[in-house]
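Please read this short report with the sequence and the 3D view side by side. Find each residue in the view as it comes up.

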Amino acid sequence: MNAAENTRSPNHQDERLAIAVVGTGVIGAAWVSGFLAAGHSVTAFDPADGAEERLLEQVKSNLEMTTGVSHSQLNRLAFASTLAESVGSADFVQENGPERLEVKQAMLAEIDAAAPEATIIASSTSGFAPSEISAEATKAPSRIVVGHPFNPAHLIPLVEVVPTPGASPELVDRALSIYRSIGKKPILVRAELPGHVVNRLQAALWQETYSLVNEGVVSVSDIDTAISYGPGLRWAILGPLAQQALSGGAGGMRHVLDHLGPPQEVWMHDLKKVHLDEDLKGKLIAGVDDELVDRDTTAIARQRDEMLIRLLELKQRYEELP
């Protein structure tokens, strides 16, 4: 059994839904792959020339890496000729249009008008608030939520779910349940914030790494080594707060905060803000170029994905232990 199958919630395996995926680029294809692997039927739509052929190729590649490709999976995939056709009978819609507010608003308004009123509509937006992207919807705008995945989205389980203000608890629970049914690990974000939660956490780390590089404290390569061979290894097993509590031994989080909190607060207050001017961008680009010189980035991405699968399998194995 593969990692994607292992993380799928058994309580929802027997529920087969009609899914619409609007926008079938890299993210959209990942969503299609996940829904098909979980046994749902998918109707996709993308107005770009050649989109259907590219989607099929990407889905086959994604499934080959996770569950393996089967005729039953591909037979449950249809490609609609219009957006309205794709969402007209959907139980759940995942929108993946360009990350431009006016495009999102227009697309979600069209989806809202065409989809049955009980249909949940989720957007993969990486930073816009649900109240922003649903502003032009008139039929049932409160059923529009953010469902933000992370790349490579066919492998990474995390999804941030941000409800539109006014969304019912039942609708939110339903969205979380559907994501769990395809092996995702959704988190509920209870307030609208630019970038949601995880992008903000990443931005905090990027801010300090950019600052350290800008000040010549450390090289780009050493930054990547420091995270990937240091705290990044631990964070992949437990989150930063649970990991911090473990470092307190028997005293747990209270011991850590009581005894290490004061110096930690000094470090936090010393973090620097940076501006991504041309000079800093040049330093970062040159540093990454030096780090990856003579390396095949396609092969690196493939190796990353293979390691992610092994890591997810390992995490699942230990989560199942009593």
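In which helix does Gln105 lie? Gln105 lies in helix α6, residues 101–114. Helices here are DSSP runs of H or I with at least four residues, strands are runs of E with at least two, and both are numbered from the N terminus.

## About the model

This is a predicted model: local features need pLDDT of at least 70, side-chain atom pairs count only at pLDDT 80 or more, and totals for chains, interfaces and linings use all residues. Residues are numbered from 1 along each chain as its sequence is written, and side-chain values use heavy atoms, with hydrogens and water left out.

## Around Gln105

Is Gln105 buried or exposed? Gln105 is buried, because its relative accessible area is 14%. Buried means under 20% relative accessible area, exposed means over 50%, and partly exposed lies in between (1.4 Å probe, protein chains only).

Now look at what Gln105 touches. Leaving out residues up to four places away in sequence, Gln105 touches Glu132, Ile133, Ala135 and Glu136. Contact means heavy atoms within 4.5 Å.

## The nonpolar cores

A nonpolar core is a set of buried Ala, Val, Leu, Ile, Met, Phe, Trp, Tyr and Cys residues joined through side-chain atoms within 4.5 Å. The largest one has 31 residues. Inside it, Val32, Phe35, Val42 and Phe92 have the most contacts. Several elements give two or more residues to this core. The strands are β1 (18–22), β2 (41–45), β5 (120–123) and β7 (158–163). The helices are α2 (26–37), α3 (51–65) and α8 (169–181).

Another core lies apart from this one. It has 19 residues, among them Phe45, Val93, Met107 and Ala115.

Take Val32 as a sample of the largest core. Which residues does Val32 contact, leaving aside its neighbours within four places in sequence? They are Val21, Val42, Leu55, Val59 and Leu77.

## Aromatic rings

How many aromatic pairs does a search of the whole structure find? It finds four. Rings of Phe, Tyr and Trp (its six-membered ring) pair if their centres lie within 6.5 Å; planes under 30 degrees apart count as stacked, over 60 as edge-to-face and the rest as tilted. Trp31 and Phe35 form a stacked pair, 5.9 Å centre to centre with 25° between the planes. These two are four residues apart in helix α2, so about one helical turn separates them. Trp31 and Phe35 are both buried.

Trp31 also pairs with Tyr179. This pair is tilted, at 5.3 Å centre to centre and 35° between the planes. It links distant parts of the chain: Trp31 is in helix α2, Tyr179 is in helix α8, and they are 148 residues apart. Both Trp31 and Tyr179 are buried. Ring pairs link Trp31, Phe35, Phe92 and Tyr179 into a cluster. Lys184 lies over the face of Trp31, 5.6 Å from the ring centre. A charge sits over a ring if NZ of Lys or CZ of Arg is within 6 Å of the ring centre and within 35 degrees of the ring normal.

## Two crossing helices

Two packed helices are described by the angle and the distance between their axes. The axes of α9 (residues 198–214) and α14 come within 10 Å and cross at roughly 90°. Axes are lines fitted to C-alpha atoms, for helices over the stretch in contact, and angles run from 0 to 180 degrees between N-to-C directions. α9 and α14 are therefore roughly perpendicular, a term for angles of 65 to 115 degrees. On the α9 side, Tyr210, Val213 and Asn214 make the contact. On the α14 side, Asp279, Leu280, Lys283 and Leu284 do so.

Gly282 is also in α14, residues 278–291. Gly282 counts as partly exposed, at 34% relative accessibility.

## Unusual backbone spots

A cis peptide bond joins Asn151 and Pro152, with omega about -10°. Pro152 lies in the loop between β6 (144–149) and β7.

His196 is not a glycine, yet it has a positive phi of about 60°. It is in the loop between β8 (185–188) and α9, and it is buried at 1% relative accessible area. Asp294 is not a glycine either, and its phi is positive at about 65°. Asp294 is found in the loop between α14 and α15 (297–319). Is Asp294 buried or exposed? Asp294 is exposed, with a relative accessible area of 81%.

Definitions and conventions: Parallel < 35°, antiparallel > 145°, perpendicular 65-115°, else oblique.
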